[in-house]
Amino acid sequence: SDLPDGPACYQAFLRSFTTLNRTPQQVFDLGRKTVESNKADVVRIGEKLFGTSDFDTIVARSKARPENHSQSKDELLAYSRGLMDKAKAKTATLVDRMPIQPVVVEPERDFEEAAGVSSHYDQDPDNAKPGTYRIQLDNWQTETRGDAEVTVVHEAWPGHHLQIALAREMAPDTMISKLSGNSAYREGWARSAEAMGEEAGLYQTEDAKILRRVWPARGMVVDPGLHAFHWTRQQAIDYLVSTGRFDAKAADDLVDRIAVMPGQLTSYDSGGLEFKALRAEARAALGDRFDLREFNRTLLEEGVVPLSEMRAHVEAWIKAKGGSVPK
C-alpha cells in the first residue's frame, strides 16, 4: 500500500486470486470472523477431549500428545501412505464418480526440501501415471499425525487429486476452464474436502479435528493486514502464532510467502467459505432431496471456474431439482 498505485494493485491481486469483488477490509473482516468461529469449535472439541476451555492449552496439548507424533521421517511417510487407501475408500462415499488416475505419496525432492517448500500436489497429465502428493518431511519432529491426516485429505483424497484428475477425465466444455484457472476454486474445494473428510470419518485421530481448524482463514487476515493495513512483520507473526497453527519459524516463513504473492493466501478460505455457503443453500432449498454425491458432481463438472460461475451453475441445478434460490 506504500507503493505508487499500490492499493489498486492489491485490489486487483485479490480479485485475480479469489474471483470475487471484495475489498481488503471485507476480506479482513470475514477472515477474522471465520478464525473466531473456528477457535470456538476448537474449544468445544477441547472441552470434551481435555476438559479445558482454554484455546492455547487445547492446541498445545493436542500437539504434544506422544501418540500424535512419529519417531522418524520414514515413520511419518509410512503413516501418510497408509492413510491414502483409507481416504480413497471413504472418498467413494462422497462422489458419484471416482477418477481412474491413482495418486501416490512421495518425499519432496532435495531441492524442494532445501527451499522450505510445503507439502503439495503434483499433477501428471498422463492418466497412465499417478499424480503425486509430495510430502515435506524435514519437519517430522513437529508435524503431528493429525496434521498429516488433514494434509492427505487436502492434497489427495478427496482434495486436489480428486478434483484435478476428475476434471481432466470429464473434459468440460466450459471454455474458461480450458483457458485459465484460479486459486479460490482449487483451494476452496480442497478446504471443503477437509471438512467432508471429518464428516466421512477419514481422520484416524481426534487431534485432526482440532488441527484442521487452526489453519483456515488466517491468510484472509494476515495478507490484507500486511499489504493494506500496515501490519508489521512481527504483528503478522504474533497473530499467526496466537491463532494456533504455526510456531514462530513457520509463521516467519509464511510472511515471506505473503510478501511475494499478494492476495494468494486469501483464496483458500474465500473459496472454501463459498463452497460451504452453496452447500447450505442447496440443503435448505432441497431438504430430503439433497444428495451430497450429486451436489459434489455439480460443483466439479465444469472444471475450474470463477466462483460466480460456480454459484450460477449450482443454483441452476437447485432450480432444476425443484428448489428455489435466494434472489
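Strand β3 sends its side chains in two directions: G131, Y133 and I135 point one way, T132 and R134 point the other way, and all are buried. Put as a count, five of the five residues of β3 are buried, and the strand is mostly covered. This description, like everything that follows, rests on a predicted model.

The surroundings of β3 begin with the sheet to which the strand belongs. Three strands form an open sheet in the order β1-β3-β2, and the pairing is mixed. At the edges are β1, residues 103–107, and β2, residues 120–122, each of which pairs on one side only. From one strand to the next, the twist averages 30°.

In general, strands of a sheet pair through backbone hydrogen bonds, and the pairing is either parallel or antiparallel. This sheet has both kinds. β1 and β3 run parallel and are joined by five bridges. β2 and β3, the latter spanning residues 131–135, pair in the antiparallel sense over three bridges. Some individual positions help to trace these pairings in the structure. V105 stands opposite Y133 in β3, and Y121 also stands opposite Y133. A further bridge links H120 with its partner R134 in β3.

Y133 also leads out of the sheet, to a helix. Leaving aside neighbours within four places in sequence, T151 is in contact with Y133, and also with S119, E143 and A156. T151 lies in helix α6, which covers residues 145–155. Is T151 buried or exposed? T151 counts as buried because its relative accessible area is 17%, and the cut-off for buried is under 20%.

A second buried residue to look at is F275, in helix α14, residues 267–286. F275 has a relative accessible area of 2%, so it is buried as well. Which residues does F275 touch, not counting those up to four places away in sequence? They are A184, Y185, G188, W189, S192, F295, L299 and M310. A184 shows how the chain brings separate parts together: F275 and A184 are 91 residues apart in sequence, and their C-alpha atoms are 9.9 Å apart in space.

Two of the residues that F275 touches, F295 and M310, appear again in the largest nonpolar core. That core has 52 residues, and those with the most contacts inside it are M84, F295, M310, V314, W317 and I318. Helix α4, residues 73–91, gives the largest share of this core, with six residues. I318 has contacts of its own to follow: not counting residues up to four places away in sequence, I318 touches E281, A282, A285, L286, G323, S324 and V325. Apart from the largest core lies another, of 24 residues, among them F28, W215, A217 and I258.

F28 leads to the last feature, a contact between two helices. The axes of helix α2, residues 24–50, and helix α11, residues 218–227, come within 7 Å and cross at roughly 145°. The crossing of α2 past α11 is left-handed. On the α2 side the residues are P24, V27, F28, L30, G31, R32, V35, N38 and K39, and they meet R218, M220, V221, P224 and G225 in α11. By type, the residues of this contact divide into eight nonpolar, three polar and three charged.

Methods: Residues numbered from 1 in each chain as written. Predicted model: local features only at pLDDT ≥ 70, side-chain atom pairs only at ≥ 80, totals over all residues. Heavy atoms only, no water. Axes fitted to C-alpha atoms, helices over the stretch in contact; angles between N-to-C directions. Helix = DSSP H or I, 4+ residues; strand = E, 2+ residues; numbered from the N terminus. Left-handed = near helix turned anticlockwise from the far one by under 90°. Contact = heavy atoms within 4.5 Å. Nonpolar A, V, L, I, M, F, W, Y, C, P; charged D, E, K, R; others polar. Buried < 20%, exposed > 50% of the residue type's maximum accessible area, 1.4 Å probe, protein only. Pairing = 2+ DSSP bridges. Core = buried A, V, L, I, M, F, W, Y, C linked by side-chain atoms within 4.5 Å.
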